[in-house]
Amino acid sequence: MKLDAKAFALSFGILTALGIFALGVFAMNGYAEPFVTLIGSGYIGYDATLVGSLIGAVWGLLDGFVGGWILATLYNKLSK
């Protein structure tokens with residue numbers, strides 16, 4: 001069975017974006033601040049604010065899409 005790489009990548013990207021956004025919102029309330037600082041060192045503009053969380057969600061969508069596409073492609077190549 002082969003995976004649809006585009007569909008898998010999009011779903012992985014959406015889940016990553018939701019997770020990054022939720023982490024930013026939690027950090028606004030004092031939780032998970034070190035994680036947001038760590039991720040913010042790689043995601044330019046990501047911070048424990050609402051706008052920063054939205055910026056992080058966009059980065060997460062892009063990063064998750066690329067990672068999901070790579071995973072699905074590797075799975076399809078190795079499962080032949």
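This is a short tour of a predicted model of one protein chain, from its overall layout down to a few single residues.

## The big picture

Let's start with the whole chain. The protein chain has 3 helices and 0 strands, so reading along the sequence gives the pattern α-α-α. If you lay the C-alpha trace along its principal axes, the spans come out at about 45 × 20 × 15 Å.

How much of the chain is buried? Of the 80 residues in the protein chain, 24% are buried. The contacts also tell you something about how the chain folds back on itself: among those with a separation of 6 or more, 57% are between residues 24 or more positions apart.

## How α1 and α3 sit together

Helix α1 covers residues 5-28 and helix α3 covers residues 50-78. The two pack with their axes 6 Å apart, at an angle of about 150°. Because angles over 145 degrees count as roughly antiparallel, α1 is described as roughly antiparallel to α3. Their crossing is right-handed.

What kinds of residues make up this contact? By class, α1 and α3 meet through 19 nonpolar, 10 polar and 1 charged residues.

## How α1 and α2 sit together

Now for the other pairing of α1. The axes of α1 and α2 cross at roughly 130° and come within 8 Å. That angle makes α1 oblique to α2, and the crossing is left-handed.

Here you can name the residues that meet. On the α1 side they are I20, L23, G24 and A27, and on the α2 side they are E33, F35, V36 and I39. Sorted by class, that contact has 6 nonpolar, 1 polar and 1 charged residues.

## The nonpolar core

Which residues form the largest nonpolar core? It has 5 residues in all: I20, A27, V36, Y43 and Y46. Two of these names, I20 and A27, are on the α1 side of the α1 and α2 contact, and V36 is on the α2 side of that contact.

V36 is worth a closer look. This residue is found in helix α2 and counts as buried, at 4% relative accessibility. Leaving aside its neighbours within four places in sequence, V36 is in contact with L23, G24, A27, Y46, D47 and A48. For a sense of scale, the C-alpha atoms of V36 and G67 are separated by 20 Å, with their positions 31 residues apart along the chain.

Y43 is another member of the core. Once you set aside neighbours within four places in sequence, Y43 is in contact with I20, G56, W59, G60 and D63.

## A buried serine in α3

S53 has its place in helix α3. Is S53 buried or exposed? It is buried, with a relative accessible area of 0%.

Its surroundings can be listed too. Not counting neighbours within four places in sequence, S53 is in contact with F21, G24, V25, Y46 and D47. Y46 in that list is also part of the largest nonpolar core.

## The loop between α1 and α2

The loop between α1 and α2 holds a residue with a backbone angle to look at. Most residues other than glycine have a negative phi. A32, however, has a positive phi of about 60° although it is not a glycine. A32 is found in the loop between α1 and α2, where α2 covers 33-40. With a relative accessible area of 24%, A32 is partly exposed.

G30 is in the loop between α1 and α2 as well. G30 is partly exposed, with a relative accessible area of 43%. Measuring from C-alpha to C-alpha in the model, G30 and A48 are 9.0 Å apart in space, and they are 18 residues apart in sequence.

## The end of the chain

Where does S79 sit? Its place is in the segment after α3. S79 is partly exposed, with a relative accessible area of 34%.

S79 also gives you a distance to set against the layout of the chain. S79 and G45 are 34 residues apart in sequence, and their C-alpha atoms are 39 Å apart in space.

Conventions: Residues numbered from 1 in each chain as written. Predicted model: local features only at pLDDT ≥ 70, side-chain atom pairs only at ≥ 80, totals over all residues. Heavy atoms only, no water. Axes fitted to C-alpha atoms, helices over the stretch in contact; angles between N-to-C directions. Parallel < 35°, antiparallel > 145°, perpendicular 65-115°, else oblique. Left-handed = near helix turned anticlockwise from the far one by under 90°. Nonpolar A, V, L, I, M, F, W, Y, C, P; charged D, E, K, R; others polar. Core = buried A, V, L, I, M, F, W, Y, C linked by side-chain atoms within 4.5 Å. Buried < 20%, exposed > 50% of the residue type's maximum accessible area, 1.4 Å probe, protein only. Contact = heavy atoms within 4.5 Å.
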